[in-house]
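Biologist: I'd like a close look at a single part of this model, taken slowly. Pick one helix, tell me what it sits on and what packs against it, and then work outwards from there.

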Amino acid sequence: MGWHAYIDESYSPDKDAYVIGGCISTKEEWASFSTEWQSYLWRFGRVDESGLRYFHMQEMAHNLEEVGFFYSVMQLYVAAYISARFHKSDFERAMM
């Protein structure tokens, strides 16, 4: 059994913060996760300029009911979560 992680990053200039976060699970669990996730994307996801549907917590945090559907899928299939945050100014100072 191998583990697979899906990780995303974001940067908030006004907060001087880089954040990475993601989920870890098995290949088999990701397959099941993907099937359910896609059904919620079709119903609640946002649409990008290419017409593709996506979920981004920062954009959806105002509607906790919709977020709850996505979170329920994560509860079923995700084994572990990871996240880290650091300030860009700290990183730049360390590079000096």
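Modeller: Before the helices, one bit of bookkeeping: the expected span of a helix is 1.5 Å times one less than its number of residues. Keep in mind too that this is a predicted model.

Let's take H1, with H3 as its partner. H1 covers residues 27–44. With 18 residues, H1 reaches 25 Å from its first C-alpha to its last, close to the expected 26 Å. H3 can be checked in the same way: its 14 residues should span 20 Å, and its end C-alpha atoms are 20 Å apart, so the two values agree.

Now put the two together. The axes of H1 and H3 come within 9 Å and cross at roughly 175 degrees. An angle over 145 degrees counts as roughly antiparallel, and that is why H1 and H3 are described as roughly antiparallel. On the H1 side the contact is made by Glu29, Ser32, Phe33, Glu36, Trp37, Tyr40, Leu41 and Phe44. H3 answers with Glu66, Phe69, Phe70, Ser72, Val73, Met74, Leu76 and Tyr77. By type, the contact divides into 11 nonpolar, two polar and three charged residues.

If you want one residue to zoom in on, go for Trp37, which lies in H1. Its relative accessible area is 13%, and since buried means under 20%, Trp37 counts as buried. Leaving out residues up to four places away in sequence, Trp37 touches Phe55, Phe70, Val73 and Met74. Take Met74 from that list: Trp37 and Met74 are 37 residues apart in sequence, yet 8.6 Å apart in space, C-alpha to C-alpha.

Trp37 has company. Trp30, Phe33, Tyr40, Leu41 and Phe44 are also among the buried residues of H1. The cover over the buried residues of H1 includes strands E1, E2, E3 (46–47) and E4 (53–54), along with helices H2 (57–60) and H3 (64–77). On the other helix, Glu66, Val67, Phe70, Val73, Met74 and Tyr77 are buried. These buried residues of H3 pack against H1 and H2, and against strands E2, E3 and E5.

That brings us down to the sheet. H1 lies across E1 and E2, running at about 105 degrees to E2. The sheet is open, with three strands in the order E1-E2-E5 and antiparallel pairing. At its edges are E1 (3–12) and E5 (80–87), each pairing on one side only. Neighbouring strands are turned by 15 degrees against each other on average, ignoring direction.

You can walk across the sheet through its pairs. E1 and E2 (residues 17–26) are joined over 10 bridges. Along that pairing, Ala5 stands opposite Ile24, Ile7 opposite Gly22, and Tyr11 opposite Tyr18. Tyr18 makes a handy crossing point, as its bridge partner in E5 is Phe86. E2 and E5 run antiparallel as well, with eight bridges between them.

While you're at the sheet, stop at the turn between E1 and E2. That hairpin has four residues between its strands, and Asp16 lies in the loop. Its phi is near 55 degrees, a positive value in a residue other than glycine. Asp16 has a relative accessible area of 21%. The cut-off for buried is under 20% and for exposed over 50%, so Asp16 comes out as partly exposed.

One more helix belongs in the view. H4 (residues 88–95) lies across E1, E2 and E5, at about 65 degrees to E5. To get back to where we started, follow E2, one of the strands H1 lies across, and then look from H1 to H3, its roughly antiparallel partner.

Notes. Residues are numbered from 1 along each chain as its sequence is written. This is a predicted model: local features need pLDDT of at least 70, side-chain atom pairs count only at pLDDT 80 or more; totals for chains, interfaces and linings use all residues. Side-chain values use heavy atoms; hydrogens and water are left out. Two strands pair if DSSP finds at least two bridges between them. Helices (H or I, at least four residues) and strands (E, at least two) are DSSP runs, numbered from the N terminus. Axes are lines fitted to C-alpha atoms, for helices over the stretch in contact, and angles run from 0 to 180 degrees between N-to-C directions. Contact means heavy atoms within 4.5 Å. Buried means under 20% relative accessible area, exposed over 50%, partly exposed in between (1.4 Å probe, protein chains only). Angles under 35 degrees count as roughly parallel, over 145 as roughly antiparallel, 65 to 115 as roughly perpendicular and the rest as oblique. Ala, Val, Leu, Ile, Met, Phe, Trp, Tyr, Cys and Pro count as nonpolar, Asp, Glu, Lys and Arg as charged, and the others, Gly among them, as polar.
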